[in-house]
Amino acid sequence: MVLKLVKILIFPGFSFLAIYGMFLEYLDRKIYARIQNRMGPPWYQPLADFLKLLGKEIIIPADSNKKMFKILPIVSLAAVASAFVYIPVFGNTSSAFFEGDLIIVLYLMTITTICMFLAGWYSRGVYATIGSVRTLTQMFAYEVPLFMALLAPALIAKTWSITGMTAFYEEHPRYILINIPALFVALISGQGKLERAPFDSPEAETEIVSGVFVEYSGRLLAFFKLSVDCELVLVASLISAIFLPIMTDIAVLDFVIYLLKTIGILIIFSLMRSIMARFRIDQVVKICWRYLTPIATVQIIINLLIRGLLTL
Amino acid sequence: MQAEQEIVDRLCEEFPFLKGRVHVQRQKRIFTGHLVKEEFEQVIRYLHNNMGFYKANHVVGTDEGENLGFIYLLSNKEGIMLALKEIAPKSDPKINSMTCIYPSLERHERELVDLFGAEVQGLPEGPSYPLPDGWPKGNYPLRKEWKPEYFDKNTMTYNPPDAGNDKGKR
Amino acid sequence: MEKVDENKERAENKENEENKESKQNRETSERNRIVIPIGPQHPSLKEPSSFIITLEGEKVVDAVIGVGYVHRGIEKACESRTYIQNLYLIERVCGICSHTHSTAFCQGIEELAGITIPRRAAYIRVIVAELERLHSHLLWLGVAAHEIGFDTLFMYSWRDREKVLDVLAEICGNRVNYGINTIGGVRRDIDSEMMQDTLKMADYLEGQLKYYLDLVMTDKVLSARLVGIGKLSREDALKFGVVGPVARAAGIMDDIRIIEPYAAYDEIPVNPVTDTHADVFGRTVVRIKEMLESLEIIRYSVKNIPDGDIAVKAPRRIPAGEVISRTEAPRGENIHYIRSNGTDMPDRVRIRAPSQANWQGMRHMLQGQYLADIPITIAAIDPCYSCTDRAIVVNSESGTEIMDWQGLRQYSIEWYKKRGIDVSLVKMPERKFYA
């Protein structure tokens with residue numbers, strides 16, 4: 001019992017998630033800066049930002065729904081933290097697992113986005129409203145290809161549990177190669193999910209200031225920012241667990257491999273962010289539905305056929 | 001200088017009242033004397049419709065003592081600039097807006113309204129430019145009699161000293 | 001007879017129905033409209049101005065543009081200052097294109113006084129003007145890239161802009177507000193070392209600019225954000241009287257350096273740069289090509305600069321008269337009207353900066369755009385609000401002090417110490433000139 005609590009709250013649960021989230025944010029900013037020929041921030045910058053925001057005054061707009069305004073950042077953070085419990089980090093099993101946890105993780109991931117939409121909607125500012133509408137529009141664009149891409153490998157593994165999928169692919173490593181198109185789709189729509197450039201129009205600084213976060217300040221903003229960082233870890237871990245299940249049976253070594261995989265995925269995310277201009281929201285929808293969804297559909301069909309062949 | 005002289009000759013031929021009031025200042029520069037409203041409008045329309053002065057670069061407002069002067073700078077494809085001057089008394093500074101033939105003049109004519117107190121008739125509705133909201137009425141900063149040292153920025157009032165009372169003068 | 005009536009009736013009914021329908025449509029669309037303010041403070045605006053944008057979904061229905069927040073009364077201030085004092089005042093009309101304003105002003109006064117400046121001075125004016133164009137356009141490229149969320153290009157172009165600023169600092173002693181013009185010529189001569197540095201900078205920049213041009217021409221994401229945005233056709237461009245790169249992108253060649261050569265442009269070959277896209281993409285291409293052209297002009301002038309004096313003496317009192325002086329600023333045609341009355345102060349100075357002309361077409365360009373394209377459309381005319389509004393002078397009561405780099409840093413450390421922050425522990429890198 002105690003061990004389980006430690007696992008969920010400290011390692012590899014929430015505390016690790018928060019610290020690793022900040023580390024990935026630092027790494028992301030550093031890579032972004034070095035590509036742009038800048039120095040970039042020192043290693044403690046994300047933590048310093050977080051602590052500074054904790055000490056700042058909280059201003060709540062008079063027109064907003066105060067209860068919702070305060071509660072949403074916490075809900076958002078809680079959703080990410082609970083989703084993280086189902087992802088194997090230390091060793092090849094996660095802290096908690098059951099048949100169907102993949103679906104739960106996907107829905108918990110959606111809660112963060114919904115929280116952002118509600119946060120923008122309840123703060124009642126013009127920029128925040130436009131930002132929240134864009135968040136929702138973007139969600140409808142990336143969600144289908146992202147879910148299809150993440151569910152495709154599960155069809156071969158014949159299990160809806162992330163831990164179970166890891167175990168399956170460990171046994172049949174050659175099947176990993178089949179899922180490469182889905183990995184490609186997942187990486188791009190994952191960038192959309194994280195609302196990072198080129199898919200950052202929901203919080204485009206030069207158009208709508210910072211979209212849904214525009215009215216947020218102090219502790220509430222700090223928690224939102226932390227949940228965004230944690231989301232980054234979550235998406236990177238999920239992609240690495242599903243598409244790159246490279247495992248030894250030694251827990252520490254697995255943990256090191258996990259760190260390397262997620263950092264590798266982060267580097268791809270950072271590169272994508274630095275080499276492209278921001279897409280307009282209508283262009284985002286077009287890309288997701290015209291290019292990503294068909295690729296993901298084809299992947300699903302292929303995987304269904306393979307599954308059929310396997311059962312023969 | 002050939003092209004410039006031709007323009008001057010053609011103008012004088014068309015409008016006899018312009019004789020002796022238009023001159024070529026130097027290459028690519030033609031200046032006219034001050035014209036009254038009716039004369040001015042005939043000439044500017046003719047220049048726009050018949051002589052290829054497609055572009056109005058800007059309007060300069062000037063203070064001519066008892067009168068206000070308006071210099072419309074027009075140019076054609078060859079880059080010849082023609083300065084067409086209009087005059088209106090300060091007591092009745094009414095002129096007609098030329099935005100109907102040169103839409104580019106809108107902002108410049110608004111400046112005349114704010115800074116010189118000209119009444120530009122036919123100017124499209126829009127925000128005032130460039131003076132701030134709450135600027136006191138009847139203050140036209142670019143008229144010569146308006147002195148910036150008498151303007152109080154905090155109360156937004158203009159307090160000229162009375163004759164004999166030198167208080168507040170620099 | 002009956003049939004005709006019937007038809008008529010039916011037509012009328014149909015018309016009524018249509019009216020009802022269109023009215024309903026209009027009502028629902030009006031209900032869906034939201035008005036959002038952009039400015040006076042907004043991250044996409046580098047200077048204050050306000051845009052009241054009416055949106056229908058993400059589409060712009062109408063835009064009301066308010067400028068005038070930086071009206072400083074420069075024209076009035078000019079009337080109570082001598083010509084030499086005015087020179088420095090006019091240089092401060094705009095921080096980016098200060099040289100073009102002081103050149104136009106000096107040219108006008110030289111024409112009134114009947115002075116011909118030495119050829120060497122004319123060449124130096126050209127070199128500084130072209131360097132200014134380079135740094136202005138590079139600045140623009142960075143801002144434009146930032147507006148469409150492409151921060152890498154923004155950082156790259158501003159890094160390259162530093163090289164130009166270093167050369168400007170070496171030639172003029174200042175990074176901005178160069179203070180090189182004077183009535184009758186220029187104040188500082190240019191030596192062979194400066195020329196070498198300029199040429200070195202030009203070689204470096206040429207490679208970079210060609211890369212940017214290639215990037216803009218081939219990058220799919222950039223063209224998705226730039227092509228077809230902020231359209232202003234040739235006819236509309238003529239109607240609204242836009243100038244500079246905005247007009248040139250619509251195929252109108254209005255380069256004053258060619259139409260009415262001033263300074264040494266009559267001897268230096270200048271190739272016109274135009275484009276037919278008539279949108280933001282065209283404006284970007286025109287500006288990058290113009291920078292490449294500027295490099296050629298700089299190379300030519302450095303190689304062909306004649307020896308001789310750099311200034312002639314100018315009288316203090318300028319003979320009565322009026323003059324219109326035109327120069328080609330980085331943003332387009334810059335016109336100064338100066339009237340003198342025989343004293344040492346001008347009677348009237350009117351500055352028509354290029355941005356002022358370009359604002360007119362803005363509303364037209366914004367209508368029908370997506371909200372996301374507003375920042376780039378506004379940025380694409382390279383608006384300079386200070387130039388537009390020009391015209392209050394701040395009087396410092398304590399007088400002025402001259403500080404060097406170290407002194408300035410010491411002052412800032414003291415300033416923060418008084419407020420309880422010690423920044424003296426932060427190490428600053430030594431400032432290096434381009435070498």
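This is a chat about a predicted model with chains A, B and C.

Trainee: Where do we start? Maybe chain B: how many helices and strands are there in chain B?
Mentor: Chain B has 3 helices and 9 strands. Starting at the N terminus, the elements of chain B go α-β-β-α-β-β-β-β-α-β-β-β. Keep in mind that this is a predicted model.

Trainee: What does the C-alpha trace of chain B span along its principal axes?
Mentor: About 60 × 35 × 25 Å.

Trainee: And which domains does the assignment give for chain B?
Mentor: You get domain 1 (2-92) and domain 2 (137-170) in chain B. Their C-alpha centres are 34 Å apart.

Trainee: What about chain C, which domains is it divided into?
Mentor: Chain C has domain 1 (1-25) and domain 2 (74-389). For chain C, the C-alpha centres of domain 1 and domain 2 lie 60 Å apart.

Trainee: OK, now how do the chains touch? How many residues of chain B are in contact with chain C?
Mentor: On the chain B side there are 24 residues, in contact with 27 residues of chain C. The elements of chain B giving two or more residues to that side are β3 (55-64), β5 (81-89) and α3 (106-116).

Trainee: Which of those gives the most?
Mentor: β3(B) does, with 6 residues. Sorted by class, the side of chain B that touches chain C has 14 nonpolar, 5 polar and 5 charged residues.

Trainee: And for chain A against chain C, how many residues are in contact?
Mentor: There, 23 residues of chain A meet 24 residues of chain C. The elements of chain A that put in two or more residues are α6 (126-157), α9 (205-208), α11 (251-275) and α12 (281-311). The one that gives the most is α9(A), with 3 residues.

Trainee: How does the side of chain A that touches chain C split by class?
Mentor: It has 11 nonpolar, 6 polar and 6 charged residues.

Trainee: Let's stay in chain A. At what angle do α3(A) and α10(A) pack?
Mentor: Helix α3 (residues 45-54) and helix α10 (residues 218-243) of chain A pack at about 150°, and their axes are 7 Å apart. Those two kinds of number are the usual pair: packed helices are described by the angle and the distance between their axes.

Trainee: So what does that angle make α3(A) and α10(A) to each other?
Mentor: Roughly antiparallel, because the cut-off for that is over 145 degrees, and α3(A) and α10(A) are therefore described that way.

Trainee: Which residues make the contact?
Mentor: From α3(A) come P46(A), F50(A), L53(A) and L54(A). The α10(A) side includes G218(A), R219(A), L221(A) and D229(A). By class, the contact of α3(A) with α10(A) has 7 nonpolar, 1 polar and 3 charged residues.

Trainee: Does chain A have odd backbone spots? Like, which residues does a cis peptide bond join?
Mentor: A197(A) and P198(A), with omega about 0°. P198(A) sits in the loop between α8 (180-193) and α9 of chain A. E195(A) is also worth a look: its phi is positive, about 55°, although it is not a glycine. E195(A) is found in the loop between α8 and α9 of chain A.

Trainee: Back to chain C. How do α5(C) and α6(C) cross?
Mentor: Helix α5 (residues 119-147) and helix α6 (residues 151-172) of chain C have axes that come within 8 Å and cross at roughly 160°. That makes α5(C) roughly antiparallel to α6(C).

Trainee: Is the crossing left-handed or right-handed?
Mentor: α5(C) passes α6(C) in a left-handed crossing. The residues of the contact between α5(C) and α6(C) split into 16 nonpolar, 4 polar and 3 charged.

Trainee: Last topic, sheets. What is the strand order in the open sheet of chain C?
Mentor: The order is β6-β7-β8 (chain C), 3 strands with antiparallel pairing. The edge strands are β6 (321-329) and β8 (346-352) of chain C, and each pairs on one side only. Neighbouring strands of the sheet are turned by 15° against each other on average, direction ignored.

Trainee: How many bridges are there between β6(C) and β7(C)?
Mentor: 9 bridges, in the antiparallel sense, between β6(C) and strand β7 (residues 332-340) of chain C. For R326(C), the bridge partner in β7(C) is I335(C).

Trainee: Which helix packs on the sheet?
Mentor: Helix α4 (residues 98-113) of chain C, which touches β6, β7 and β8 of chain C. The direction of α4(C) makes about 150° with that of β6(C).

Technical notes
Residues numbered from 1 in each chain as written. Chains lettered and ligands numbered in written order. Predicted model: local features only at pLDDT ≥ 70, side-chain atom pairs only at ≥ 80, totals over all residues. Axes fitted to C-alpha atoms, helices over the stretch in contact; angles between N-to-C directions. Helix = DSSP H or I, 4+ residues; strand = E, 2+ residues; numbered from the N terminus. Parallel < 35°, antiparallel > 145°, perpendicular 65-115°, else oblique. Contact = placed C-beta atoms within 7 Å. Nonpolar A, V, L, I, M, F, W, Y, C, P; charged D, E, K, R; others polar. Left-handed = near helix turned anticlockwise from the far one by under 90°. Domains from an automatic or database assignment. Pairing = 2+ DSSP bridges.
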